[in-house]
Amino acid sequence: MEHVRWARDLACRLLAESLPVRWDHVQGVGHTAEDIAHIVGDDAELLICAAWLHDIGYAPHLNKAGFHPLDGARYLRDVEHADELLIRLVANHSCALIEARNRGLADDLAGEFPTPADFVLDALTFCDMTTSPTGKAVNLEQRLAEAFERYGDGHLVTLSLTEARPLLEGSTGRVLAALGR
């Protein structure tokens, strides 16, 4: 699992000092991915790497487009020369295309990083959407409620998550079924 070490170390370098709370979240997502990786079979390492890297676009010096999935994916492509599927997972985690559209960035995201329509993306979304901002395990409803409270009514993130909710429920439901929960 040498790639996992690389992903974890890269995320730590980019987030731990500059954004310690974000780093707490990423650690929780990474550990959740490690716990459930068996459900994606041969793609276990890919899922774990994507989990560790999913929020690197928040790093202040990577913030170019102002949308962390796009900024993180571009960094992974242009600087790290990472695996294409890994980059596409980071770019599209947690229904990112919906928020990208609401930000006027859908053409950029979809054109550069087509959505990988597979179970690994469901699993990554599950890991993100069942981890609180401080890295604690929560359910999807708790995670959405926290985000709605943090951003408030009418905020672009609130609107995007509300629109994405059925898709998020589908992803988390498929993962929970695979886990036998």
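**Exercises on helix H3 and its surroundings**

In this predicted model, Trp23 and Trp52 are both buried.

**Exercise 1.** Determine how many aromatic pairs the model contains and describe the geometry.

*Solution.* Step one is the count, which comes to one aromatic pair. Step two identifies the partners: Trp23 and Trp52, with ring centres 5.8 Å apart and planes at 40° to each other. Step three is the classification: planes under 30 degrees apart count as stacked and those over 60 as edge-to-face, so the remaining angles are tilted. The pair of Trp23 and Trp52 is accordingly tilted. Step four places the pair in the chain: Trp23 belongs to helix H2 and Trp52 to helix H3, 29 residues apart, linking distant parts of the chain.

**Exercise 2.** Establish how the axes of H1 and H3 are oriented and which residues meet.

*Solution.* First, the axes of H1 (residues 2-15) and H3 (residues 44-53) come within 8 Å and cross at roughly 5°. Angles under 35 degrees count as roughly parallel; H1 and H3 are therefore roughly parallel to each other. Next, the contact brings Glu2, His3, Val4, Trp6, Ala7, Arg8, Leu10 and Ala11 of H1 to Glu45, Ile48, Cys49, Trp52 and Leu53 of H3. By class, this contact comprises nine nonpolar, one polar and three charged residues.

**Exercise 3.** State how many residues of H3 are buried and which helices they pack against.

*Solution.* Nine of the 10 residues of H3 are buried, leaving the helix mostly covered. Among them are Ala44, Leu46, Leu47 and Trp52. The buried residues pack against H1, H2 (20-36), H4 (68-78), H5 (84-92) and H8 (119-129).

Note on methods. Residues are numbered from 1 along each chain as its sequence is written. This is a predicted model: local features need pLDDT of at least 70, side-chain atom pairs count only at pLDDT 80 or more; totals for chains, interfaces and linings use all residues. Side-chain values use heavy atoms; hydrogens and water are left out. Axes are lines fitted to C-alpha atoms, for helices over the stretch in contact, and angles run from 0 to 180 degrees between N-to-C directions. Helices (H or I, at least four residues) and strands (E, at least two) are DSSP runs, numbered from the N terminus. Angles under 35 degrees count as roughly parallel, over 145 as roughly antiparallel, 65 to 115 as roughly perpendicular and the rest as oblique. Contact means heavy atoms within 4.5 Å. Ala, Val, Leu, Ile, Met, Phe, Trp, Tyr, Cys and Pro count as nonpolar, Asp, Glu, Lys and Arg as charged, and the others, Gly among them, as polar. Buried means under 20% relative accessible area, exposed over 50%, partly exposed in between (1.4 Å probe, protein chains only). Rings of Phe, Tyr and Trp (its six-membered ring) pair if their centres lie within 6.5 Å; planes under 30 degrees apart count as stacked, over 60 as edge-to-face and the rest as tilted.
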